[in-house]
Amino acid sequence: MSEELARGPKESPPAPRAGPPEGWKKGGRLLSVLLAVNVLLLACTLVSGGAFNKVAVYDTDVFALLTAMMLLAALWILFYLLRTARCPDAVPYRDAHAGPIWLRGGLVLFGICTLVMDVFKTGYYSSFFECQSAIKILHPLIQAVFVIVQTYFLWVSAKDCIHVHLDLTRCGLMFTLTTNLAIWMAAVVDESVHHAHSYTSFQSNGSYARLAPDPERAGSLVGGDPCPCNTAVCQIFQQGYFYLYPFNIEYSLFASTMLYVMWKNVGRLLASTHSHGHTPAQASLFRETYFAGPVLGLMLFVVGLAVFIIYEVQVSGEGGCTQQALVIYYSFNIVCLGLMTLVSLSGSVIYRFDRRAMDHHKNPTRTLDVALLMGAALGQYAISYYSIVAVVVGTPRDLLGGLNLAHALLMIAQHTFQNVFIIESLHRGPPGAEMHETPPKEPCQGLTFANMDALHTLPACPPTPRLVSPSPAGPPETVAILLAPRGHWRRRCLKDISLFLLLCNVILWIIPAFGARPHFSNAVEVDFYGYSLWAAIVNICLPFGIFYRMHAVSSLLEVYVLS
């Protein structure tokens, strides 16, 4: 034993292989960010300018820019895939946290719906190609190719920590990210102005025009001759791709988040191929739950679909049942948001009794998830506060105003408590993490003891259950098994809570994403702020609120798997 103690600690394992020298890491990131900002500002200028008839920027100019950006991004993706295939040392590490299966699965689902939308848009533009520019037919075809290439790229490369051509890779990833944001902006502006145009169709207001096929904008390209959509097939194509716009919007945002994580992982060194933090868990739906959360969530989901159908029928009909539809809509949302607030608060209270250790390891994916949750919630916060001011300061004091005020207040509370619950869940260690003792200090690492009594003679090595056992893996597993029943009810409750919130967020995403706009049907805010200002507030902030719901769904799915 004395000889072994005299030898001191064993040789530490070899350090991870140092990547290629990168003394200009911050400068490379800055260069790629500047490239993205300039391209994004150019795209934003054209997209916003092309949305109005009074600006001499036509939708064909926007389509030409987006088509060129998608072609360049697709060519860079092909170059990346060929380079990594030919260079085996290009990706020495892979981030286990990046690109989880539910995120990639959602990307594939939204990508398929985007391809269907491109088919509808191609069919629509082909219905009157005699008076249309060729770029309008070419744009959806190029977008379909871009979606296929990018989806395959993110499916196979989302976890890559690339270590070759670092600056070129950063610029390529940022340019591809900017392309997705530009597509997102064009879709949001197109859809928002389309809704605004439909609500003001009874007025002779020509200040609104869509990027997609508006007869006035289409006619301006051919000397004033309109391009009417009179056939039944043309109208089916037109209505079909507008209903598929929410999937295109979510696809662009999902791809942007995955590309940002890849950009953060460029040149990153990991201690091993398996990074610290949560270990992937084998989970099946409704496993280890009390079924209360899934059942209640499914009930609210079905009721929400019925409320959405009733709202759309009554608001778009000519029977004058708008107020009744708004009462039903606000009543359902108040009940749903109130339950979500209480459930989220209950989850946070359960965590007060959870002894799992907090995971403080570096994790770009988790950092981005938290930032997106907090940032996207600001959109709904803004709409809610504007509604609160309009209802409180405004003169009407009726049932609809009271429901609107309660809805706005509960929307703020629900976003706040749900964010607290999700963020705390993402920072928790895996189940059983509280059972592991603190690892010994550095001077004791690598020592081998023949007599366990000698362990007490070393001041730097306090006695721990991990070193006393002859099997190093025995005590943590044994303690976890013995103490598992004490935390079993907590895990079941947390799974129920995450599934309930997941289903509620899905229905609260479907209702606004597919056309429900009570912000314009309710005259309180329109009369208080004026239509132009209120439409600008809603059209800017609502897309962030819609994205928040879908991003919360992906985060809650991760919470369910890791609970």
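**Cysteines, helix contacts and confidence in a predicted model**

C336 counts as buried, its relative accessibility being 0%; the model in which this residue is described is a predicted one. C113, at a relative accessibility of 15%, likewise counts as buried, because burial is assigned to values under 20%. A search for disulfides over the whole structure returns zero. C336 is accordingly in no disulfide, and the nearest cysteine sulfur, which belongs to C504, lies 4.0 Å away; this pair is not assigned as a disulfide because the two sulfur atoms would have to be within 2.5 Å. A disulfide is, in general terms, a covalent bond joining the sulfur atoms of two cysteines.

At the level of the whole protein, the secondary structure consists of 18 helices and two strands. Of the 563 residues, 52% are buried, and the accessible surface amounts to about 26,100 Å², with carbon and sulfur atoms contributing 68% of that area. Among contacts with a separation of 6 or more, 87% are between residues 24 or more positions apart.

Confidence varies along the chain. The mean pLDDT of the protein is 75, and 71% of the residues reach a score of at least 70. Confidence is highest in helix α5, at 92, whereas the lowest value is found in helix α14 (residues 465-468), with a mean of 40. Over residues 1-21 the pLDDT is below 50, although the model gives this stretch 22 contacts beyond near neighbours in sequence. A further stretch, residues 435-452, also stays under 50 in pLDDT, and for these residues the model has 28 contacts beyond four places in sequence. Predicted coordinates should not be read in detail where pLDDT is low.

Helix α5 spans residues 134-157 and supplies the largest share of a nonpolar patch, namely three residues. This surface patch, of about 390 Å², is made by I101, Y152, W155 and V156. W155 is located in helix α5 and, with a relative accessibility of 36%, counts as partly exposed, because this value falls between the 20% limit for buried residues and the 50% limit for exposed ones. A134 is found in helix α5 as well, but it is exposed, with a relative accessible area of 60%. The C-alpha atom of A134 is 9.0 Å from that of T60, and the two residues are separated by 74 positions along the chain.

Helix α6 (residues 166-199) contains both D167 and R170, which are three residues apart, a spacing of about one turn of the helix. These two residues form a salt bridge in which the closest N and O atoms are 3.5 Å apart; the pair qualifies because the cut-off for such a nitrogen and oxygen is 4 Å. The count of salt bridges obtained by this rule comes to one. The two partners differ in their exposure: D167 is partly exposed, with a relative accessible area of 30%, whereas R170 counts as buried, at 0% relative accessibility. Ahead of this helix, H165 lies in the loop between β2 (160-161) and α6, and it has a positive phi of about 50° although it is not a glycine. For most residues other than glycine, phi is negative.

R170 is also one of the residues touched by V266, together with I162, L166, T169 and L173, when residues up to four places away in sequence are not counted. V266 itself is placed in the loop between α9 (245-264) and α10 (292-316), and it counts as buried, at 1% relative accessibility. The C-alpha atoms of V266 and V164 are separated by 8.8 Å, while the residues are 102 positions apart along the chain.

Another pairing across the sequence involves helix α12 (residues 364-393), in which A376 has its place. A376 counts as buried, with a relative accessibility of 5%. Neighbours within four places in sequence being left aside, A376 is in contact with F544, G545, F547 and Y548. From C-alpha to C-alpha, A376 and P543 are 8.8 Å apart in space, and in sequence they are 167 residues apart.

Conventions
Residues numbered from 1 in each chain as written. Predicted model: local features only at pLDDT ≥ 70, side-chain atom pairs only at ≥ 80, totals over all residues. Heavy atoms only, no water. Salt bridge = Lys/Arg side-chain N within 4 Å of Asp/Glu carboxyl O. Helix = DSSP H or I, 4+ residues; strand = E, 2+ residues; numbered from the N terminus. Buried < 20%, exposed > 50% of the residue type's maximum accessible area, 1.4 Å probe, protein only. Contact = heavy atoms within 4.5 Å. Patch = residues over 30% accessible without salt bridge, like charges linked within 9 Å, V, L, I, M, F, W, Y side chains within 5 Å. Areas by Shrake-Rupley, 256 points an atom, 1.4 Å probe, with all protein chains shown as cover. pLDDT = per-residue confidence, 0-100.
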